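Biologist: I should like a close look at one part of this model, with the geometry set out step by step. Please give a single connected account that I can follow alongside the coordinates.

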Amino acid sequence: MTDETIIKERSRPGFIAGASAQIGLLAIVAVLWLVFSTLAPGFTSPINLFGIGRSLAVDIVIGFSQMVVLATGGMNLAVGSIGVCAVMATGFLLQDAGMPVPIALAGGLLLGAALGWLNGFAIVKTGVNAFIITLASASLFLGAMLILTKAVPYNALPPEIGQFGRMRIGGYVSPLLFIAIAIGVALFILYRHTLLGRQILAAGANPRAAEMSGVPVGRVIIISHTLSGLLAATAGMMLVARLGAAMPSVGGEDWLLPSFLGPVLGGTLLAGGSVAVIGTMIGAALVTTIRSGLLVLQVGNFWLQLFLGLILLAAVMADRYRGIFLERRSMGRK
Amino acid sequence: MQLSIEGVSKAFPGVQALDKVSLDLRPGEIHALMGENGAGKSTLIKIITGLYRPDGGRITIDGKEVFFNSPRDAIAAGIGAVHQERNLIPRFSVGENILLERLPTPNGLLDRDAIHQEARRYLDLLDRGIDTRREVRSLSVAQMQIVEIAKALSLETRCLLMDEPTASITEHETEALFALLKRLRDEGASIVFVSHKLEEVFEIADRVTVLRDGKNAALGEPMSGMTRQKLISLMVGRDEHIVDKPPRSRDTEVVLEARNVATVFGHSEVSFALRRGEILGLYGLVGAGRSELARSIVGAAPMTGGALLVNGKSAAISNAYQALNQYRIGYISEDRKQEGLILAHTIRENIAVTIWRRLAGMLGLINPAAERSAVNPYVERLEIRTPSIEQIVGNLSGGNQQKVSVAKWLAANAEILIIDEPTVGIDIKTKAYLHELIHEIADGGTSVLLISSDMPEMVALADRILIMHNKRLVGEVANDRRYDTVSNAIMSRIHAVEEARPPAHTSQTA
Amino acid sequence: MRLSSDKIRGFAASSILAGFAASFGAMGIAQASDNKIALIPGGPHPYFAPWEQAAADAQKDFGIAAVDFKVPQEWKLNLQTELVESLAAQGYTAFGIFPGDAVGINSTLTELKDSSIPSAALAGCAQDPTDAAFCLGTDVYNSAYIGTKELIKAMGGKGAIVHLAGLLVDPNTTLRVKAVETAVAETNGEVTLLQTVADTDAQEAADQKINALLAAQKDEIGGMIATGYIPSVVASKSLRTLGDKRIKFIGIDDDQIVLEAIKDGFVSGTMAQNPYGQGYIGAYVLDLIASGSCTVKEDAVWIETPQTKRFIDSGTLVINADNLSTYKDDLKKVTTDIQSNFKDKYLNCQ
Amino acid sequence: MNALLRRLLLVEWSGILAAIILGSALLAWLSPAFLTEFNIYVMLRSFCVALLIGFAQMVTLAVGQMNISVGALGGLVAVLAGGMMEKMGVPLAVAIPVAIAIGAFCGLLNGILTERTGINGFIITLATASAFTGINLGITQSIPFYDMPPALVAFGSDRFFAFPYLLIAPIIVTILLGIFLSRTIPGRQLLAVGGNPHAAELSGISRGRITVLAHTLSGALAATAAILAVAQLGSAQPTIGSDWLLLSFAAPIIGGAALTGGHVSVLGTTLAVILIALIENGMVLAKVDPYWVQFVLGALILAAVWLNRWRAVTTGTD
């Protein structure tokens, strides 16, 4: 044993949180699927699976947009505001400016990235906590959107956008889910195999040490926020497709909890320096599964929230005790 | 108090940390606990202080078996400790930290004046310069260490465990500490003293217990019959390899020159020249401002005057990123955990962090194979003991952590390395190895600015030694590798400056 | 068989309304059906409480296999659409939905239509273009307009008013703002709109903003109109606290606090809506459509509103001190009227 | 810079104080209604609940935890208190302590679950938040309890000149909390655990017990906030608490608390809540166009934060 044993308590498996932790969570999701589909046949009907997949896709991307900032040890309370700004910008470009779809989408994404950059820039230049800056900018961005659009939704978008949102691949799957997975793969590569990803994680885990080692910490934080804005905008675009309209009421504070839920359940630390890309996806899947399962089971109208909370609690505890059990067993072998 | 550890064992996942280890502590003795890093000293201390529970064996106090479920129990049983990790609350005042678990509440509420008076009593035993009302986070590393010791003393326990109390304090304070420990011993206290510095052990300990690989290599042997060589062979299992390298000549070109540098920390008129391939020592008492100067050089803190020249050209360094990537200056911080390493990341990531830029190919993709093959040679060359380079650095021993820290900078190919306290808390074998390595680095053409409070280390490594006092350079001593003459020259220089002016508080370090 | 037993229970029901409805059943207008109909509000909200009874009554009175009141966990669009999707997966055959978001609900309605599941907007409308078969509810624009007119009347035709509006990002809020502005403009300057205070949908925010408003301009304000449930309640309470009967106030909905304030003279009136009737009639009509026996008449005399071209007013009336005790009966009468004429006016039935 | 000013600037909340003074001066100049007795009453009253919400989060931040369930817990306590009084006829003097005890118990539950399972408090309280809201909605079916005792309602709206009686509660809580955190052993232990959990444990402080204590305290404070909200609104609304979360973090953090734990400021949090109340009041008074409200809110928070940052940099007390 080393002299630094105590560190063990606080340390964590590798920088992409340990595969075993994610298998545990995945197993819990699988068990829930088994239970729900046995108890309620409607759970696995095409329309329900399609619905689950589509909600999941958006939640995953919202989770990613928070995760990339959590990796730096910060947080982004403005994900929802950036999302809705991008949504309304796209709506404007499509409906009022008559731009073709790809240009309008690119415009929305670009705006999201720009707003994210603004957050990052302000955080690095002022040295103020990301929490406070993004709290203020959430209000600023949302406010600017309201001033410019007067909160009037754009609901005469080209029909192919709504059709894309309703499209079913093989009767079960929404193309949005593939987009979310593709983003997941890209992020996985980013954090696992690229210079930038590594620098982000190093800066998140120990900014002073990273700075001393020649990591441009400030630049890395700005890039992470830009990426967060881009991802929030992407989630916004997905909602535009899903709803067939661009509305001022999407995003905002509503995204805040889901944005933390996926990454944190999946094993991303709030302290920074670790990301769980696959975990975020599984974490989001856990919540979506429980929610959908309870709906299908027709659990009492107003009591549903209670059961959602209890099952969530049971799931995280089961995962936790599985981890402890494995640890004990590996010691027993010794 | 008669504290007795009998056949205690402790296993962690993958490691048998302690295997039937014993230790008996008598009243009125200073008992040295020695061993290389990873030998199990700290684990043993954590068991005695109730932080870990042993898998087997027993602990008795005055013949009665005791069970500690938490540090609380151990304190109640009369055992106080200075742990190796920093254990202070950064935002609390010095006084509150010292009396943390038993703050005085005369009428249900804290009495701040009483706290500071009480804390003052213990702090004065060691250092009068630290204000008990200051927040701990504003102290220097050495000052924090002194607060830690005062905190342990304040428990007034009959048994005191000290895990490397002198690791980051200077000789001056060490002397005060030793005088105090001796007095406590003479009053009947039992003290366990852990240190890697043999000189200290020989100076202060009455008996010694040695651990090697989690087992007893020696059990309570009297120091009177002990020789340096014997102690080393007990710990290491082989003889100490002593580096003895003649000082290098110094006619190479100047790579780093400071001209009248002033900083926000209060340095002024700091001028020196570092030549290619030399080891330039920077010695000073705690609070002299050595680390702060280093931080200013690499741009981690602003300079307020003067100029830096790198390879003869004026250099404006605004951050560490620029220092490394543009001027090839690296800084190995004394604060390994805060500034040196990313404890939660793997060895591979820690070493490669400085060279990712070089490794990255198209689209910024890093080839894992290339990364491993870049890192592996350093792991081998520095003999970093680990099952795999995927090991989390926080799980390594202090010595191996330091090797990782050095490996990182070797990999970075820095031309100028500022090495700050490279062997604090490092065991003898690793220390010797690191010394060899630093010589090797310099021989390879890298210039080293060495900061150390460890006089023997300074003498063994530096080619010449700058003396810093109160944020000024007050002299330079040539090093002829003769400990007595060099250390005398340095200390008398410092004392001369000290006497020339009214005594200043040494606590003004920002 | 089912019909008969339901019929007996229907007759046994004490309410006049149930009696009416059951007699329609007895006349053979409604057929027993296998439809499962869900009535879904925008989220948990006291306004929709009568829907639960309306669902139970409709199931009984019209012999529908199931009429269920299903509440999204929170007032969020995605939770509402997930609930709809899930219920569709479970075999519900028709949906009566309050569009918590008038635009956002449309893609879900389109999907329901694609799966041949009819839906109707109840209580509030979905914004055109929409696939909701019709909208039975309160015309938010008209209600706000009438309310403002009522307020202006109470103020004696002149003075300055303040509009307490709901969430700014809600499309309905925009309509209400316009309605109030229009009503004010029609007075040709006799009445001025002093200020519009928005985002008063949360308790504390409403309390804070409304009180701050009263503090600042108590003397200039001649009247206030609230177009959201919560600001109505909070403003009623604030006026009572202030003890000010000079400022006229028109609220919305029949929350107990508002009604008592009307009784005691602190509030001039409130715009009653007809939640029970919306749920009850909605279920009745959805059953007819989902059974395939009727289709919506395209050329019926729909009311056209800024939101939709197929609007049916479920009845808006002003509750004031005069009709405080009788307004419930008035609403029931409205409900019966709408229901008895619905088939002829709006449907083509075989 | 004269010595007094410099010393004032060294205090970390002085930036916020300056923002408050500046803002008040500006508003007094802009709107004659600002300094009227009634407006001051309105501002003080709106500040009461918000302050307790900020404190409820602050104590968990102090120990290095978070309580996502503050709002849900507050909502639950509000309807339980309302239900007790309306449906069971429990007298006010019994209902209030019971309600606070229920809040403390819910907090205790949060604490014990966090401590025993070793799962991040963020996740635990996220789950319990959902459970608390579920119980709240299950009991009320989203319909408020209206029949509150007149004494409670009067307490929520009566005033002595500009001083709302409601303010008594937060004043007492502020003083007690200030003393608790700076002058009592559990209070100091709480901050010690937040500042360096490992060190605190080595010093014989039970990390577990202190974490549970912080959560329990947070529950009790949220419950107190809920009761004040009931008094203020005159009815027990199930929606109480639904919009507390962001404010609960914003107030202590703008007031200087560290998200990582170990450092909070009672005074700073109080000033931050005053600042927020001032901004919101000011926007109504200044008749800000509703479409501009959000934007102005963000800009003002940013300005206040920047002012404080400027202070920190100037004085080097970063």
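**Two sheets and a buried loop residue in chain B**

Modeller: In chain B, six strands make up an open sheet with mixed pairing, in the order β16-β17-β18-β13-β19-β20. Its edges are formed by β16 (329-332) and β20 (472-478) of chain B, each of which pairs on one side only. Between neighbouring strands of this sheet the average turn is 20 degrees, with direction ignored. The model is predicted, and a local feature is reported at pLDDT of at least 70 and a side-chain atom pair at pLDDT 80 or more, whereas totals for chains, interfaces and linings use all residues. Residues are numbered from 1 along each chain as its sequence is written, and chains are lettered from A and ligands numbered from 1 in the order of writing.

Some terms need their cut-offs. Helices (H or I, at least four residues) and strands (E, at least two) are DSSP runs numbered from the N terminus. Two strands pair when DSSP finds at least two bridges between them. Axes are lines fitted to C-alpha atoms, for helices over the stretch in contact, and angles between N-to-C directions run from 0 to 180 degrees. Contact between two residues requires their C-beta atoms, placed from the backbone, to lie within 7 Å.

At one edge of the six-stranded sheet, β16(B) pairs with strand β17 (residues 416-420) of chain B in the parallel sense, over four bridges. One of the partnerships to inspect here is that of I329(B), whose bridge partner in β17(B) is I416(B). Helix α9(B) lies across β13 (279-284), β16, β17, β18 (447-451) and β19 (464-469) of chain B, and runs at about 150 degrees to β17(B). Helix α16 (residues 428-443) of chain B also packs on the sheet, where it touches β13, β17 and β18 of chain B. The direction of α16(B) makes about 145 degrees with that of β18(B).

The second sheet of this account is open as well, with four strands of chain B in the order β12-β11-β14-β15 and antiparallel pairing. The edge positions belong to β12 (270-275) and β15 of chain B; each has a single partner strand, so one side of each is left without a neighbour in the sheet. Here too, the average turn between neighbouring strands is 20 degrees, direction ignored.

The pairings of this sheet can be followed from β12(B) to β15(B). β11(B) and β12(B) are joined by five bridges in the antiparallel sense. In this pairing, V270(B) of β12(B) stands opposite V261(B). Helix α9 (residues 290-297) of chain B packs on this sheet and touches β11, β12 and β14 of chain B. The direction of α9(B) makes about 110 degrees with that of β11(B). Thus α9(B) is found against the four-stranded sheet and also across strands of the six-stranded one.

On the other side of β11(B), residues 254-263, six bridges lead to strand β14 (residues 303-310) of chain B, and the two strands run antiparallel. A307(B) in β14(B) is the residue opposite R259(B). β14(B) is in turn joined by three bridges to strand β15 (residues 313-315) of chain B, again antiparallel. Across that pairing, L309(B) has S314(B) in β15(B) as its bridge partner. β14(B) and β15(B) form a hairpin with two residues between them. N311(B), in the turn of this hairpin, has a positive phi of about 50 degrees.

A loop elsewhere in chain B gives a further point of reference. F92(B) lies in the loop between β6 (79-82) and α3 (94-98) of chain B. Its C-alpha atom is separated by 37 Å from that of A258(B), and the two residues are 166 residues apart along the chain. F92(B) is buried, with 22 other C-beta atoms within 10 Å. The term buried applies at 20 or more other C-beta atoms within 10 Å of the residue's own, exposed at 12 or fewer, and partly exposed in between, with C-beta atoms placed from the backbone. Apart from its neighbours within four places in sequence, F92(B) is in contact with N97(B), E135(B) and V136(B) of chain B, and with A192(D) and G195(D) of chain D.
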